[in-house]
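This report looks at how a ligand is held in a protein, at the enclosed spaces within the protein, and at a few unusual points of its backbone. The sequence and the structure come first, and the description follows.

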Amino acid sequence: MIPIVKPFLPDIGRYQSYLDDIYARTWLTNNGPLVQELETRLAEYLGVEHLLLVANGTLALQVAFRTFGLEEGEAITTPFTFAATPGALRWQNLQPRFADICPDSLNIAPDCVENLITETTRAIVPVHVFGNPCDVERLSTIAQRHGLKVIYDAAHAFACQYKGQTVLQHGDAATLSLHATKMFHCVEGGAIIFKEREALEKARQLINFGFDRHNVPAHVGINAKMSELHAAMGLAMLDIFPEILAHRQALMQAYQQQLSGWVTFQEWSKDSRNNGAYAPIILPSEAHVFAVMDALQAVNIQSRRYFYPNLAEVSVYGDEGICPTSADISRRILCLPLFANMTFEEVSTVSETVKKALS
Ligand SMILES: *Cc1c(COP(=O)(O)O)cnc(C)c1O
């Protein structure tokens with residue numbers, strides 16, 4: 001069986017040594033030494049300044065919105081994303097307005113964003129889809145012109161560079177998911193990268209019930225803290241992450257070589273390099289998607305329709321906006337297996353099966 005994803009587990013001895021320290025200290029959570037160490041080391045590795053670890057990527061979004069006082073009004077986001085993006089907005093009483101995507105980059109189209117701005121718009125929440133950097137310059141210009149906050153859902157953009165620097169420095173904040181299925185993980189976890197130190201300090205209080213330095217609630221807070229056991233997983237993984245990243249990028253290149261001319265790939269920003277977070281292919285029709293899925297399934301290979309459905313066609317978010325490109329792409333896209341210890345032989349097996357189904 002070739003699974004669609006397989007969470008990476010670091011060497012157990014390495015993880016065990018962190019657990020031994022936790023047992024010796026009996027400090028399990030509440031901004032413990034391992035969380036502090038991971039915050040410092042991750043910020044350094046990613047090349048960012050103001051990084052806050054939180055319990056998961058969904059809370060990262062919610063806490064980021066709260067930090068900027070976004071508690072009502074509308075936020076413009078993409079319908080071509082995971083349910084957490086519009087879900088986090090609605091949970092915060094913000095109404096998502098879905099702007100359509102570009103058919104090549106699969107990211108939110110700045111022109112569509114501009115068309116949706118009204119006097120109730122408060123923020124833009126773009127997603128670096130599959131890690132591909134958004135048009136950050138244009139989005140920033142639009143936001144500045146209209147006085148809007150920009151919070152990037154960067155759940156897929158771990159270790160992603162743009163014009164030689166981390167893509168995570170763009171926006172008032174960018175959020176990461178460190179969930180088990182993501183390329184770098186803490187089992188469950190998330191992070192917020194803020195532009196300003198003051199925002200980070202406020203968020204640090206928000207994730208701990210709103211307590212200030214004197215343990216008096218200064219805000220209505222929540223519990224979104226990362227535990228020591230989760231930080232231990234991240235630390236155990238961080239040392240070997242550069243190798244994982246390089247291997248995933250090589251696997252993705254192998255897919256691109258072997259499937260070139262057979263399928264369409266997402267067009268990656270020319271100022272960035274594919275981080276190998278996902279292996280999406282775009283097919284000519286939904287029927288082709290079903291044919292490829294069936295062929296893969298028949299030889300025990302998993303694939304996943306990601307992102308499907310187009311969230312502008314889902315009623316719970318309260319905006320059935322018209323997004324024809326997102327609707328079209330969601331029906332024709334399929335993610336192939338890609339995980340840290342996948343072999344090149346497995347990539348070939350998957351690619352051959354895809355080609356056979358398409359011939
Ligand atoms: C995974 C993911 C999230 C949610 O992260 P969790 O850590 O699972 O809460 C948010 N947005 C996108 C685009 C994701 O893929």
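In this predicted model, a polar atom in the side chain of D153 is placed 2.7 Å from a nitrogen atom of the ligand. When the ligand is taken alone it exposes 380 Å², and the protein buries 93% of that area. Two elements, α3 (57-67) and α4 (84-91), are those that give two or more residues to the shell around the ligand. That shell comprises 15 residues, of which T58, D153, H156, S177 and K182 come nearest, and by class the shell divides into nine polar, four nonpolar and two charged residues.

The contact made by D153 can be set beside two others, in which the ligand takes part through an oxygen atom.

| Residue | Protein atom | Ligand atom | Distance |
|---|---|---|---|
| G57 | backbone N or O | oxygen | 2.8 Å |
| T58 | side-chain N or O | oxygen | 2.6 Å |
| D153 | polar side-chain atom | nitrogen | 2.7 Å |

Turning to enclosed space, a search of the whole structure finds three cavities of 30 Å³ or more. Rolling a probe the size of a water molecule over the atoms is what shows where such empty space is left. The largest cavity has a volume of about 100 Å³, and its lining is made up of 16 residues, with K6, T181, K182, M183 and R248 lying nearest its centre. K182 thus appears both in this group and among the residues that come nearest to the ligand. In the lining of the largest cavity, 11 residues are nonpolar, two are polar and three are charged. Because domain 1 (12-238) and domain 2 (241-358) both give residues to that lining, the largest cavity lies between them.

The second largest cavity holds about 50 Å³ of space. Its lining consists of M252, Q256, F265, Q266, W268, N274, Y278 and P280, and these divide into five nonpolar and three polar residues, with no charged residue present.

The backbone also deserves attention, since most residues other than glycine have a negative phi, and most peptide bonds are trans. Which peptide bonds are cis in the loop between α10 and α11? The bond from Y306 to F307 is cis, with omega near 5°, and F307 is found in the loop between α10 (286-298) and α11 (324-332). A cis peptide bond likewise joins Y308 and P309, with omega at about 0°, and P309 lies in the loop between α10 and α11 as well.

A further point concerns phi: L106 has a positive value of about 70°, although L106 is not a glycine. This residue is placed in the loop between β3 (95-98) and α5 (110-116).

Technical notes. Residues numbered from 1 in each chain as written. Predicted model: local features only at pLDDT ≥ 70, side-chain atom pairs only at ≥ 80, totals over all residues. Heavy atoms only, no water. 1 Å grid on protein atoms, 1.4 Å probe; cavity = no way out; pocket = protein on both sides within 12 Å on 5 of 7 lines; lining within 4 Å. Points joined across faces, edges and corners; volume = space filled by probe spheres on them. Nonpolar A, V, L, I, M, F, W, Y, C, P; charged D, E, K, R; others polar. Domains from an automatic or database assignment. Near = heavy atom within 4 Å. Polar contact = N/O pair within 3.5 Å; in protein donor to acceptor, adjacent residues only side chain to side chain. Areas by Shrake-Rupley, 256 points an atom, 1.4 Å probe, with all protein chains shown as cover. Helix = DSSP H or I, 4+ residues; strand = E, 2+ residues; numbered from the N terminus.
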